[in-house]
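Reader: I'd like to practise reading a model feature by feature. Could you walk me through this one?

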Amino acid sequence: METLKEIVARCEELAFDLSFKRAGEWKSEQTGRVVAGYMPVYFPREIIHAANGLAVGILGGGDKKLIIKGDAYYQSYICHMPRSIVELALDKHFDGFDGFIFPSICDVIRNLSGMFQLLGQGKFIKYLDLPQNFKQHIGGTFYRHELQTVLDEIYKLNGVEVTAERLNHSIGLFNLNRRLIRQLYQIRQEFPWRMTAADLYHVVRAGNVIPVEEHNEILARVLSLIAEEAGEPLDKIRVLVMGAFCEQPPAGLIRTIELAGCYIVEDDFLLGSRWIQGDIDTTSADPLEAITTAYLEKSTFSSSVYDVGNPKEARLLDLIRRRKVDGVIFAAPSFCDPALLDHPILQKECNDKKIRFISFLYSENTGQFKVIKEQVGTFSDSIKLWD
Ligand code: SF4
């Protein structure tokens, strides 16, 4: 039986395998299987699963890929992730992929979908316009139509008819996946010393590139391992990290925050895995409708979503209360418009409510953490000494 350390090491290898080996193996095990890449933040992977496909999350090459050609595709004042995704495409990392889905999150991702078309990547490219209107008869109808066009593309490739039974089964597997991840976060909220935030990050991130059935087994095993007491609580403050919903921070940065005197008990890393808050109905005769309703009614908040009527400030405060955090770390990717437009609003709310926070910028390939360690360490000490 694998230990926690061994599982985390396996997950880290899977999560940063830029050859997407497991997806390739899975596809070759049976004819008619389809691999579809999707970009952050959120995409309902259930529909690809039900169509005999594997949705693979593409998050950039992080600090594992040197960007040379990708820089030529973008101006300098654009975040890092799309350059590295273009570099991966040009270096043929996605050659085994059948198609790509680009959920609408910002102009950069919209343009990236156009570049993939120009580069002739895959057999289909879908720019998926996630609705910003949360009324069932407007945004819901539109979203459902968008999802159907994705299914139509997969059908053209493998001829698999997505029945209600198939889709309900897939929804059930992803419900379980979200539930297990929620339970891991819940345990870490109470006992953050049992597993580091970086280890949890690797375990969750592996789920982006392997079949959900395999990821559910990993999550269940990790849960059983951290259900028992392990390690010793340290004198650290509890923080929420906000702003990393799209381009991911390097794992070294996550480690640095915890080494500098914090327990990260909530974050928005890999937000797509936790986007739907709660289960999606698995008994509906129209499961596509159930997925649509879940998006409209159970989505978490993020800078990628316009939230009139459900302000992010209030939702952030609610999260701060529920996770009992001592402070907030606003960590946004450099040049990330959605995050950097939201943060002043969220920070004003923190100021008004006397919630301590700091902020800094990062790139997925940031390699020097000394300054961040000093900043976070001072933040932690100041809360411990004077709060
Ligand atoms: S990091 Fe921000 S700006 Fe860059 S692609 Fe993601 S949402 Fe867009």
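**The ligand shell**

Author: Let's start at the ligand: 14 residues surround it, and the closest are Cys79, Cys106, Cys246, Glu247 and Cys336. A residue counts as near if its C-beta atom, placed from the backbone, lies within 6 Å of the molecule. Helix H4 (81–90), helix H5 (107–118) and helix H13 (337–352) are the elements that give two or more residues to this shell. Helices here are DSSP runs (H or I, at least four residues), strands likewise (E, at least two), numbered from the N terminus.

Before we go on, this is a predicted model: local features need pLDDT of at least 70, side-chain atom pairs count only at pLDDT 80 or more, and totals for chains, interfaces and linings use all residues. Residues are numbered from 1 along each chain as its sequence is written.

Reader: Which helix gives the most to the shell around the ligand?

Author: That's H13, with three residues. By class, the shell has 12 nonpolar, no polar and two charged residues. The classes go like this: Ala, Val, Leu, Ile, Met, Phe, Trp, Tyr, Cys and Pro are nonpolar, Asp, Glu, Lys and Arg are charged, and the others, Gly among them, are polar.

Reader: On to sheets. What is the order of the open sheet that contains S6?

Author: Pairing comes first: two strands pair if DSSP finds at least two bridges between them. The four strands run in the order S6-S5-S7-S8, with parallel pairing. Strand S6 (262–267) and strand S8 (356–362) each have a single partner strand, so they stand at the edges with one side lacking a neighbour in the sheet. From one strand to the next, the twist averages 30°; angles run from 0 to 180 degrees between N-to-C directions, with axes as lines fitted to C-alpha atoms, for helices over the stretch in contact. Inside the sheet, strand S5 (residues 237–242) and strand S7 (residues 327–333) pair over four bridges, and Val239 stands opposite Gly327 in S7.

Reader: And which strands are at the edges of the sheet S2-S1-S3-S4?

Author: This open sheet of four strands also has parallel pairing, and its edge strands are strand S2 (53–57) and strand S4 (124–128), each pairing on one side only. Neighbouring strands are turned by 20° on average, direction ignored. Strand S1 (residues 34–38) pairs with strand S3 (residues 99–103) over three bridges, and Tyr38 has Ile101 as its bridge partner in S3. Helix H6 (residues 136–158) packs on the sheet, touching S1, S2, S3 and S4, at about 170° to S4. Touching is a contact, meaning C-beta atoms, placed from the backbone, within 7 Å.

Reader: How do I describe two packed helices?

Author: Use the angle between their axes and the distance between the axes. Take helix H10 (residues 251–259) and helix H14 (residues 370–386): their axes come within 8 Å and cross at roughly 35°. Leu253, Thr256, Ile257 and Leu259 of H10 meet Ile372, Lys373 and Val376 of H14. Those contact residues divide into five nonpolar, one polar and one charged.

Reader: Where should I look for backbone oddities?

Author: Try the loops. The peptide bond from Pro40 to Val41 is cis, with omega near 15°, and Val41 sits in the loop between S1 and helix H3 (46–50). Lys92, in the loop between H4 and S3, has a positive phi of about 70° although it is not a glycine. Lys324, just after H12, takes a positive phi of about 50°.

Technical notes: Contact = placed C-beta atoms within 7 Å.
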